[in-house]
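Please find below my note on the chain, set out as numbered points that can be read beside the coordinates.

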Amino acid sequence: LDSERAKLARKLENVQNIEAKVNKETAQLREQIKTMEADLVKFSDLDAVADEMETAKREMHRSKQRLVVRRDALRKMAQDLAARYEKMKAKLSEDETHTQLTNLEKKWQHHEKNNFVMREFIS
């Protein structure tokens, strides 16, 4: 009798679990139906949808044109800056003081490297 009771209790629990799942799925399906009905109302007016898409298309086209103009302006600016940089770099490389400083920096680096090696050797 106890085994029969336990068996029936398991079946009852199983049925309750199934019922909960069915209720949850039913609620989800009802929500989907509401969404689909709203979409159906929205898309039933094809002229309004087409107008909305045309408006969005025109706005995207205008945005693309603005961005192309901006891109071209930035490219031009980058080219101008690169040319200016190269001119300044060439002018600097021709400058005697710059050449002397560069050579002194190289000597300094060489001496620093030698100092480091000596310190390592001594310690």
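1. L74 has a relative accessible area of 46% and is therefore partly exposed, since that value falls between the 20% and 50% limits. The residue is found in helix α2, and in this predicted model L74 joins M77 and L81 in a nonpolar patch on the surface, the three residues together having about 290 Å² of accessible area.

2. The setting of that patch is the fold as a whole, for which the secondary structure comes to three helices and zero strands, so that the pattern read along the sequence is α-α-α. The radius of gyration of the chain is 39 Å, whereas the globule rule gives 14 Å for 123 residues, and the chain is therefore more spread out than a compact globule. Along its principal axes the C-alpha trace spans about 105 × 65 × 10 Å.

3. How much of the chain is buried? Buried residues make up 1% of the 123 residues, a residue being counted as buried when its relative accessible area is under 20%. The chain exposes about 12,200 Å², and carbon and sulfur atoms supply 59% of that area.

4. On the charges, the chain carries 26 positive and 23 negative ones, and the mean positions of these two sets are 4 Å apart. Side chains of opposite charge can pair when their charged atoms come close. The count of salt bridges in the model comes to five, with a nitrogen-to-oxygen cut-off of 4 Å.

5. One of these salt bridges joins R58 to E54, with the closest N and O atoms 3.9 Å apart, a distance that is to be read against the limit of 4 Å. R58 and E54 are four residues apart in helix α2, which covers residues 46–94, and so they are separated by about one helical turn. Both ends of the pair have a computed accessibility in the intermediate class: R58 is partly exposed at 43% relative accessibility, and E54 is partly exposed with a relative accessible area of 38%.

6. Which residue does K76 meet in a salt bridge? The partner is D80, and the N to O distance is 2.9 Å. K76 and D80 both lie in helix α2, where they are four residues apart, or about one turn of the helix. K76 counts as partly exposed at 46% relative accessibility, and D80 likewise counts as partly exposed, at 39%.

7. R71 forms a salt bridge with D72, and for this pair the closest N and O atoms are 3.3 Å apart. At 40% relative accessibility R71 is partly exposed, and D72, at 37%, is partly exposed as well.

8. Salt bridges also link E59, R62 and R66 in a network, and I would suggest viewing this group together with the pairs described above.

9. Finally, S44 deserves a separate look. It lies in helix α1, which covers residues 2–44. With a relative accessible area of 57%, S44 is exposed, because the value is over the 50% limit. S44 and T26 are 18 residues apart along the chain, and their C-alpha atoms are separated by 26 Å.

Key: Residues are numbered from 1 along each chain as its sequence is written. This is a predicted model: local features need pLDDT of at least 70, side-chain atom pairs count only at pLDDT 80 or more; totals for chains, interfaces and linings use all residues. Side-chain values use heavy atoms; hydrogens and water are left out. Helices (H or I, at least four residues) and strands (E, at least two) are DSSP runs, numbered from the N terminus. The radius of gyration is taken over C-alpha atoms; the globule rule is 2.2 Å times the number of residues to the power 0.38. Buried means under 20% relative accessible area, exposed over 50%, partly exposed in between (1.4 Å probe, protein chains only). Accessible areas come from the Shrake-Rupley method with a 1.4 Å probe; for residues, only the protein chains shown count as cover. Lys and Arg count as positive and Asp and Glu as negative; His and the chain ends are not counted. The place of a charge is taken as NZ of Lys, CZ of Arg, CG of Asp or CD of Glu. A salt bridge is a side-chain nitrogen of Lys or Arg within 4 Å of a carboxyl oxygen of Asp or Glu. Patches are made of residues with over 30% relative accessible area and no salt bridge: like charges are joined within 9 Å, nonpolar side chains (Val, Leu, Ile, Met, Phe, Trp, Tyr) within 5 Å.
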